[in-house]
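Got the model open in your viewer? Let's walk through it stop by stop, with something to select each time.

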Amino acid sequence: MERDTVFHCRFSTAMAKLVFWSITLLLWGHEASYVAATNSSIYHQRADLCLQSFLLKFWDQRINYIQQTFPASGPTFYWRFAQAFDAVLDGVERTGGQQYRGMLDTLYEAQAARGWPADYYDDMTWMSLALLRAFELTRDAKFISTASILFDKIAAAWDSTCCGTSPGGIWWDTGHTQKATASNGGPSILAAKLYVLTNDSAFLSLSRQWYDFWYVNMVNHSSFQVCDHIVPNGQQTWWAFTYNQGLMIGAAALLHQLTGNATYLEQAQGLAGFVLDHQTSKNSYGSILSDGSDSACTGDCEEFKGPTYRYLVALYNLLPGHTRSQTGFGPLSGPTDALGLMLQASAESLWNVAQAQKYVLFGADWSEPMSATTFTNGANNAACQALSLYAELSGPFPGTGYPTNRFEAENGVLTNLGLEATFGDFTGWAYVAGFCAAGERLDVPFNATGLYSVAFRYSAPSA
């Protein structure tokens with residue numbers, strides 16, 4: 001028994017096979033009732049099933065990191081890890097911290113063990129954006145402190161001597177091979193978010209400088225297509241990837257919110273118009289966000305629709321009559337505008353068409369049945385992000401149904417431990433497995449004031 005304001009349960013063991021699935025504070029007569037289901041419940045259920053399947057299949061105890069493919073093929077790349085971080089953050093935000101909270105610290109410590117700097121400024125931007133979201137949700141200073149260190153490296157990569165007839169922009173990589181939308185639109189969003197968190201106007205000035213430069217010089221002002229990158233000799237490459245549009249939409253939408261300048265909102269709508277006109281495919285559900293087929297959209301491309309969907313939702317929430325608290329965004333009373341219909345159709349098709357149902361995993365093409373033979377981290381990061389974002393649009397999270405005095409081990413902080421949902425009659429969505437070597441640890445922090453009896457539910461093989 002323990003009397004404290006914050007109670008940390010920590011377990012570590014060597015050479016003993018053990019699984020934990022829940023911890024219960026025995027507060028007699030005090031259990032939460034399940035929140036009544038709403039029309040949005042099915043979308044939250046889908047989002048949870050997607051993220052839980054992702055974590056069960058891609059979190060690898062052996063490397064204490066997210067793996068690249070399922071079945072395992074080694075650790076994923078830095079920026080894809082950042083996108084996995086974002087997918088988990090979506091789950092924490094969507095559930096109001098009722099699920100997945102411990103995984104934020106798990107992922108932070110996993111990356112800290114490998115190091116935070118990278119050779120690509122866009123990659124550090126993706127990581128910093130995830131870290132800032134983690135700070136927003138937890139107020140744990142380690143997240144914003146690390147993001148700020150990375151931001152300084154990104155900001156220092158602005159260069160006014162290259163490239164082409166209008167020099168400027170942030171380099172894409174430390175080797176200075178190109179300047180890309182990912183390393184300019186993304187940092188604009190990052191700087192704007194730092195302004196919101198610090199109220200330091202210097203961040204807002206940088207956000208506007210970086211966005212305005214890129215919009216003036218790297219956007220086709222007739223079609224609103226965003227250029228992918230420019231190399232030192234001034235040659236521009238106009239690859240039509242959705243995330244180029246998405247990042248500039250996200251920056252413009254956020255700058256409109258912060259400045260009240262209607263021009264930014266008009267630009268965001270124009271950029272979204274290019275997506276609707278040129279970056280969708282059709283099926284029975286309607287217009288589906290698309291970067292191409294499974295065979296055409298491989299590698300980094302598999303990841304692109306996740307951020308794009310995120311920033312399209314951010315724009316949607318700014319438009320008249322569209323708010324995050326809006327209810328009834330489901331099949332019975334859905335949107336009537338083109339953007340809302342595309343967001344809805346994409347989420348429906350993703351779940352009903354692109355899912356490999358045996359595994360609850362997804363392909364890169366949201367409009368067709370999965371044709372790829374390998375399940376990738378990138379495609380499934382994007383799927384988890386989109387399904388969580390759509391569930392938030394559909395209505396509030398209905399609750400987990402767990403008693404308020406029960407804490408699930410799978411929502412704790414894992415160190416060199418695995419997640420499973422294979423054996424036994426366990427509670428929650430998984431159990432924590434491993435505990436067979438030194439250095440393995442499970443931390444389950446929770447608020448508790450007063451005197452409690454504590455019950456631990458676990459399983460171990462008989463002697």
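What follows is a short tour of helices, cysteines, odd backbone spots and empty spaces in a predicted model.

**Stop 1: helix α1**

Start by selecting residues 41-58, which make up α1. This helix has 18 residues and covers 25 Å from its first C-alpha to its last, close to the 26 Å expected at 1.5 Å a residue. Now switch on the surface of everything else: 14 of the 18 residues of α1 are buried, so the rest of the structure largely encloses this helix.

**Stop 2: the cavity beside it**

Keep α1 on screen and add α12, residues 377-394. Each of these two helices supplies at least two residues to the lining of the largest cavity. To see the whole lining, show Y43, R46, A347, L387 and Y390 as sticks. What is the volume of the largest cavity? It comes to about 30 Å³, and the count of cavities of 30 Å³ or more is one. By class, four of the lining residues are nonpolar, none is polar and one is charged.

If you wonder how such spaces are found, rolling a probe the size of a water molecule over the atoms shows where empty space is left.

**Stop 3: the second largest pocket**

Next, select G97, Q98, R406, F407 and F446 and centre the view on them. They are the residues that lie nearest the centre of the second largest pocket, which is lined by 19 residues. Two or more of the lining residues come from each of α3 (101-112), β14 (406-408) and β18 (441-447). Which element gives the largest share of this lining? That is β18, with four residues. The volume of the second largest pocket is about 510 Å³. Colour the lining by class and you should find seven nonpolar, eight polar and four charged residues.

**Stop 4: Y100**

Select Y100, in the loop between α2 and α3. Most residues other than glycine have a negative phi, and most peptide bonds are trans. Y100 has a positive phi, near 75°. Is Y100 buried or exposed? With a relative accessibility of 1%, Y100 counts as buried.

**Stop 5: a cis proline**

Jump to P71, in the loop between β5 (69-70) and α2 (78-94). Look at the peptide bond from F70 to P71: this bond is cis, with omega near -5°.

**Stop 6: two neighbouring cysteines**

Now for the sulfurs. A disulfide is a covalent bond between the sulfur atoms of two cysteines. How many disulfides does the structure hold? There are two, and if you number the bonded cysteines in sequence order, the pairing is 1-2, 3-4.

Select C162 and C163, whose sulfur atoms sit 2.2 Å apart in a disulfide. The link is right-handed, with 95° about the S-S bond. Check the backbone here too: the peptide bond that joins C162 and C163 is cis, with omega about 20°. C162 counts as buried because its relative accessibility is 11%, and C163 is likewise buried at 5%.

C163 is found in the loop between α5 (141-155) and β6 (179-180). Stay in the loop between α5 and β6 and pick H176. Its phi is positive, near 55°. H176 counts as partly exposed, at 38% relative accessibility.

**Stop 7: the other disulfide**

Select C297 and C301, joined with an S to S distance of 2.1 Å. This link is left-handed, with -110° about the S-S bond. C297 is buried, with a relative accessible area of 0%, and C301 is buried at 8%. While you have cysteines in mind, show C227, which counts as buried at 0% relative accessibility, and C384, which counts as buried at 2%.

**Stop 8: helix α7 and its cap**

Select residues 201-218, helix α7. Its 18 residues reach 25 Å from first C-alpha to last, close to the 26 Å expected. Add D200, which caps the N-terminal end of α7: one of its side-chain oxygens lies 3.0 Å from the backbone nitrogen of A202. Then highlight the buried residues of this helix, among them F203, W210, W214 and M218.

**Last stop: Y285**

Finish at Y285, in the loop between β9 (280-283) and β10 (286-289). Y285 is partly exposed, at 37% relative accessible area. Draw a distance from its C-alpha to that of S367: you should get 8.7 Å, although the two are 82 residues apart in sequence.

Key: Residues numbered from 1 in each chain as written. Predicted model: local features only at pLDDT ≥ 70, side-chain atom pairs only at ≥ 80, totals over all residues. Heavy atoms only, no water. 1 Å grid on protein atoms, 1.4 Å probe; cavity = no way out; pocket = protein on both sides within 12 Å on 5 of 7 lines; lining within 4 Å. Points joined across faces, edges and corners; volume = space filled by probe spheres on them. Nonpolar A, V, L, I, M, F, W, Y, C, P; charged D, E, K, R; others polar. Expected span 1.5 Å × (residues − 1). Buried < 20%, exposed > 50% of the residue type's maximum accessible area, 1.4 Å probe, protein only. Polar contact = N/O pair within 3.5 Å; in protein donor to acceptor, adjacent residues only side chain to side chain. Disulfide = S-S within 2.5 Å.
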